[in-house]
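Got your viewer open? Let's take a short walk around this one, selecting a few things as we go.

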Amino acid sequence: MSGSTLRVLESQDAVARTAAQWVHDRAWVAANARGRFTLALSGGTTPRALYREMTAGPRLPWDRTVFCFGDERNVGPDDPESNARMAREALTGQPFVNPSSVHRIRGELPAAEAAAEYEQTLRTLFPGTASFPAFDLVLLGLGPDGHTASLFPHSPALNEHARWVAGNWVEKFRTHRITLTYPVLNAASEVLFLVTGEDKGWALRQVLQGNAPVGDIPARGIAPASGRLTFLVDRAAAAGLGSGSG
Ligand code: 6PG
């Protein structure tokens, strides 16, 4: 994938540690330059180790960090499936994080309602935005099927190019999700993918070295207009990549 940077690290732990340093560095640059650091958290399981590293490592500008979410399941905040719950347990529930700086998607609402409400939340966080909000950093994961955030193959939200947030029907799970849309993800100053594990090998190869349509591999639709795109992956996920992949 042209315009992206790939870093292959030895292990999942190495990815988490490197990503934590990455977030730390971007956070201080943004906080010092613009007074705040806007961060969109990823869900799933991969980022849990990163979030723990962030709390244990060098201090971030916690009082100037705005925590948002790239997507959420259509569940309440205490549901085991909730991304907000995972992040709360690993990061945003820490005593040094001001709860008013954490903006979760209210997955307990009907998906379309949750999406519309979250878009309004983002509009208050990014006042005066003429087009789409530019997060300082968006964290993303990669599903084995090539999905990212809750942009799943052939799902309706792939075609949403006006709204900032969309409810999305995910046929394979027979459930709704709520997700930031491509225009918002691609307006970010920086997007950082965290991809670990052998089960991600096929999808990673499709994203970085394939040419499948975005509808088949939605993560291929992540191409920040002017922002940086980096993949932090472990050797297990990178095993299937062609030569010259680190
Ligand atoms: C979610 C995520 C999703 C995730 C991938 C990878 O809500 O699940 O936003 O896009 O990043 O499915 O998930 P794992 O990290 O659990 O492999």
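By class, how many nonpolar, polar and charged residues does the lining of the largest pocket have? Keep that in mind while we find the place; note that you're looking at a predicted model.

**Stop 1: the largest pocket.** Start by selecting Gly43, Gly44, Thr45, Arg73 and His147, which lie nearest the centre of the largest pocket. In total, 25 residues line this pocket, and the space in the pocket comes to about 420 Å³. Now color helix H2 (47–56), strand S4 (71–73) and helix H3 (83–92): these are the elements that give two or more residues to the lining. And back to our question: the lining has eight nonpolar, 10 polar and seven charged residues.

**Stop 2: the ligand.** Where should you look for the ligand? Stay put, since the ligand sits in this largest pocket. Show what surrounds the ligand and you'll get 16 residues, with Thr46, Arg73, His147, Ala149 and Lys200 the closest. Sorted by class, that shell has two nonpolar, 10 polar and four charged residues.

**Stop 3: polar side chains at the ligand.** Turn on side chains and zoom in on the ligand's oxygen atoms. Pick threonine 45: an N or O atom of its side chain is 2.7 Å from a ligand oxygen. Next, click threonine 46, where a polar side-chain atom lies 2.6 Å from an oxygen atom of the ligand. Then go to lysine 200, which also has a polar side-chain atom 2.6 Å from a ligand oxygen. Switch to a surface view here: on its own the ligand has 410 Å² of accessible area, and the protein covers 89% of that.

**Stop 4: a cavity.** How many cavities of 30 Å³ or more does the structure hold? Just one, and the largest cavity has a volume of about 30 Å³. To find it, select Ser42, Thr46, Pro47, Leu139, Leu140, Gly141 and Leu194, which line it. This lining divides into four nonpolar, three polar and no charged residues. You've met Thr46 before: it is in this cavity's lining and also among the residues closest to the ligand.

Technical notes: Residues numbered from 1 in each chain as written. Predicted model: local features only at pLDDT ≥ 70, side-chain atom pairs only at ≥ 80, totals over all residues. Heavy atoms only, no water. Near = heavy atom within 4 Å. Polar contact = N/O pair within 3.5 Å; in protein donor to acceptor, adjacent residues only side chain to side chain. Areas by Shrake-Rupley, 256 points an atom, 1.4 Å probe, with all protein chains shown as cover. 1 Å grid on protein atoms, 1.4 Å probe; cavity = no way out; pocket = protein on both sides within 12 Å on 5 of 7 lines; lining within 4 Å. Sits in = over half its atoms within 2 Å of the grid points. Nonpolar A, V, L, I, M, F, W, Y, C, P; charged D, E, K, R; others polar. Points joined across faces, edges and corners; volume = space filled by probe spheres on them. Helix = DSSP H or I, 4+ residues; strand = E, 2+ residues; numbered from the N terminus.
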